[in-house]
Amino acid sequence: MKNNSISDNLVYQRKLKGFTQEQLSEESSVTIRTIQRIEKGDVQPHLQTIKLLATGLGIEVEDLVVLDDPKTETVQRKWMLLLHGSPFFGLVIPFANVLFPLFIWISKAEDNKIYDEHGRAVINFHCTINLMLIISLLLFFPFPGYNYFGTAAVFLFGIVFSLKNLMSALGTGTINYPFTIPFLKPKKD
């Protein structure tokens, strides 16, 4: 979903009112050259200029200005790195592969919908991996000696897909955690 810029909104509103750049210049007391530069996207106009243009067009300032939702934080690479990279602490500290992403997710889920989606995916995947590791370790009792291969396979599966999704999340912003049990269901809008 692409947000319109000030230049797109100015062109749209000017053409909607049927004004040429010269007519808008006369109505708003903004120079033609300034209007041309704003419409090309060469400059970011001052608020006073936007107010003059809005008055000249007979519209509200909000119709020209693109406002971001103040409750929504822009996605930052450092948080994506922490969210997808913190499970590797589980190699050193037991259950840290779930606890660290859980704490990050709790603190960042409200800031942006993408943090919420990625956090749920990471936590679900690592809870599933922990469950599979516990099951593979419990298989020692019925199948002594053979559970080593199952445990190693689960362990490598977790590491490989964690690395793959870490690089993918930082590069393209997409993730794919396969064979995940949805412990945390997606939030209903």
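**Figure 1. A nonpolar patch on the surface of the predicted model.** Welcome to this predicted model; our tour opens with a nonpolar surface patch built from Leu131, Ile135, Leu139, Phe143, Tyr146, Tyr148, Phe149, Ile181 and Phe183. Together these residues offer about 970 Å² of accessible area. Two elements each give two or more residues to the patch: helix H7, covering 113-138, and helix H8, covering 147-171.

**Figure 2. Isoleucine 181, one member of the patch.** Here we pick out a single residue from the nonpolar patch, Ile181. To find isoleucine 181, follow the chain into the segment after H8. Is this residue buried, partly exposed or exposed? Isoleucine 181 is partly exposed, because its relative accessible area is 37%, a value that falls between the 20% limit for buried and the 50% limit for exposed.

**Figure 3. Serine 7 and its surroundings.** Now we move to helix H1, made of residues 6-17, where serine 7 lies. With a relative accessible area of 11%, serine 7 counts as buried, because that label applies under 20%. Which residues does serine 7 touch, once neighbours within four places in sequence are left aside? They are Ile38, Glu39 and Gly41. Look also for serine 5, whose side chain is joined to the side chain of serine 7 by a polar contact of 2.9 Å.

**Figure 4. Lysine 108 and its polar partner.** This view takes us to helix H6, residues 96-108, which holds lysine 108. You may like to check how much of this side chain's residue is covered: lysine 108 has a relative accessible area of 9% and is therefore buried. Which residue is its partner in a polar contact between side chains? It is aspartate 111, and the contact spans 2.9 Å.

**Figure 5. Stepping back to the whole chain.** To place the close-ups, it helps to see the full chain, which has 8 helices and 0 strands. Read along the sequence, its pattern is α-α-α-α-α-α-α-α. The C-alpha trace spans about 90 × 25 × 25 Å along its principal axes. Its radius of gyration is 26 Å, whereas a compact globule of 189 residues would have one near 16 Å. Of the 189 residues, 34% are buried. The chain exposes about 12,200 Å², with 64% of that supplied by carbon and sulfur atoms. Finally, among contacts between residues at least 6 apart in sequence, 61% join residues at least 24 apart.

Notes:
Residues are numbered from 1 along each chain as its sequence is written. This is a predicted model: local features need pLDDT of at least 70, side-chain atom pairs count only at pLDDT 80 or more; totals for chains, interfaces and linings use all residues. Side-chain values use heavy atoms; hydrogens and water are left out. Helices (H or I, at least four residues) and strands (E, at least two) are DSSP runs, numbered from the N terminus. Buried means under 20% relative accessible area, exposed over 50%, partly exposed in between (1.4 Å probe, protein chains only). A polar contact is a pair of N or O atoms within 3.5 Å; within protein, one must be able to donate a hydrogen and the other to accept it, and residues adjacent in sequence count only if both atoms are side-chain atoms. Contact means heavy atoms within 4.5 Å. Patches are made of residues with over 30% relative accessible area and no salt bridge: like charges are joined within 9 Å, nonpolar side chains (Val, Leu, Ile, Met, Phe, Trp, Tyr) within 5 Å. Accessible areas come from the Shrake-Rupley method with a 1.4 Å probe; for residues, only the protein chains shown count as cover. A salt bridge is a side-chain nitrogen of Lys or Arg within 4 Å of a carboxyl oxygen of Asp or Glu. The radius of gyration is taken over C-alpha atoms; the globule rule is 2.2 Å times the number of residues to the power 0.38.
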